[in-house]
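This briefing covers selected side-chain pairings and helix geometry. Please consult the sequence and the structure as shown here.

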Amino acid sequence: MNRINHFFLYCAGVHEETLKKYPQEHNKYVAIGATIFFTGLFAAMSGGYAMYFVFSGTNLDWLLAIVFGIIWGLMIFNMDRYIVLSINKSKTGGFQFLQAFPRILLAILIGIVISRPLELKIFDKEIRENLKTTYIANERAKTDSLNIIFNKKYAFELNQLKALTTERDSLDANIKADRQKLNYEIFGNKTTETSGVVGYGPYAKRKELELERSSVYLDSLRSKVSVKESVIRDKQKVEGILNQKGLSNASLDSAVNLAGFADRNSALGNLKVKANGKVDQATENAVHFIGLLFIFLECLPVFVKLLSGRDAYDRAIRNQRIIDEYEADASIDTEKAAIDHLKDAAIDISINKRLKKMNEGIEEEV
């Protein structure tokens, strides 16, 4: 029996001295032990991966993840080993199932726990893209919320700026139109508002004077708009709106790398929802299938033990257990009988002591 088989038999919890008498049963118990071992191995990988995100960013993140993964894997391994060992194959099939039912529920719970971190690793690319989309949406929502609050808080100043800007733009457009009309008048272009006579006449002089006045007023409007915009920018800076910058690809990648277990778990749940709000059945089925696969792997040692028939090794263990129980009971009976005999001897000794004391008293009186 090589070392690997010996190790797997240890994982299965068999009594090797008894099993050596029945070599035809070796393969079955090696398979059961291997199933228990690999279940613990998956649990170690899952727990370590989950804890890596818990301690991500610290100097000892890898070391802590490895240590916790080993501890978690050993705990699950020991629990699975106990579950398999606790099933009594000497009982009927129905009794075995009732005996194993709470352990199956526990195995299902453990399977759900260890499958989630591994699902996060399997869907890592999809989760990263979903997290990027979520972070961008959150950043936009934050900016929109700040803008809404700012617009309500400084509604009067913003309305003033809007009115000044509207007046400036309207006056600028009118000046451009009037300047075009002035050019038509000077160069003799006939329109409904020009004389069509070439030269710098009274109408042209009056129009130019109006344009100069309008230009001066436009300059004052531009100055007022510039001052008001500067005031609004200062208020935006105080309120933190100007500090809101769009996330670059580098900052998005950094944020995704620092995402914790809760964010990734939430992103995994959101993968099944499309942008239009409908459920992506293919993705949902894939996530559920992987989860069910790990639940089945966790329950597999119990199922293998339940489905396996009562073999010669089980009968030998049952017989040895009966002998051990009988020997223990016989030892108790022997000890009780010895105590009873000691009790009788103690009574005789006590009687002799009292008789001797009585005789000594009588001799003194004589």
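Lys20 is partly exposed at a relative accessible area of 46%, where buried means under 20%, exposed over 50% and partly exposed in between (1.4 Å probe, protein chains only). Its salt-bridge partner is Glu17, at 3.6 Å from N to O, a salt bridge being a side-chain nitrogen of Lys or Arg within 4 Å of a carboxyl oxygen of Asp or Glu. The model is predicted: local features need pLDDT of at least 70 and side-chain atom pairs pLDDT 80 or more, whereas totals for chains, interfaces and linings use all residues. Residues are numbered from 1 along each chain as its sequence is written, and side-chain values use heavy atoms, with hydrogens and water left out.

**Salt bridges**

- The count of salt bridges comes to seven.
- Glu17, the partner of Lys20, counts as exposed, with 52% relative accessibility.
- Arg264 and Asp124 pair through their side chains at 3.1 Å, N to O. This salt bridge links distant parts of the chain, with Arg264 in helix 10 (residues 261–270) and Asp124 in helix 6 (residues 124–153), 140 residues apart; helices are DSSP runs (H or I, at least four residues) numbered from the N terminus.
- Both members of that pair, Arg264 and Asp124, are buried.

**The pair in helix 8 and its network**

- In the salt bridge between Arg222 and Asp219, the closest N and O atoms are 3.9 Å apart.
- Arg222 is partly exposed at 39% relative accessibility, and Asp219 is also partly exposed, at 47%.
- Both residues belong to helix 8 (residues 202–239) and sit three residues apart, about one turn of the helix. Asp172, Lys176, Asp219 and Arg222 form one network through salt bridges that share partners.
- An α-helix has 3.6 residues a turn, so residues three or four places apart point the same way.

**Helix geometry**

- Helix 11 (residues 281–307) spans only 34 Å between its end C-alpha atoms, against 39 Å for a straight helix of 27 residues; the expected span is 1.5 Å times one less than the number of residues.
- At Leu300, helix 11 bends by about 45°, and Pro301 follows within four residues. The bend is the angle between axes fitted to the seven residues ending at a residue and the seven starting there.
- The axes of helix 1 (residues 3–12) and helix 3 (residues 26–54) come within 7 Å and cross at roughly 75°, the axes being lines fitted to C-alpha atoms over the stretch in contact, with angles from 0 to 180 degrees between N-to-C directions.
- Helix 1 and helix 3 are therefore roughly perpendicular, a term for angles of 65 to 115 degrees.

Definitions and conventions
Helices (H or I, at least four residues) and strands (E, at least two) are DSSP runs, numbered from the N terminus. Angles under 35 degrees count as roughly parallel, over 145 as roughly antiparallel, 65 to 115 as roughly perpendicular and the rest as oblique.
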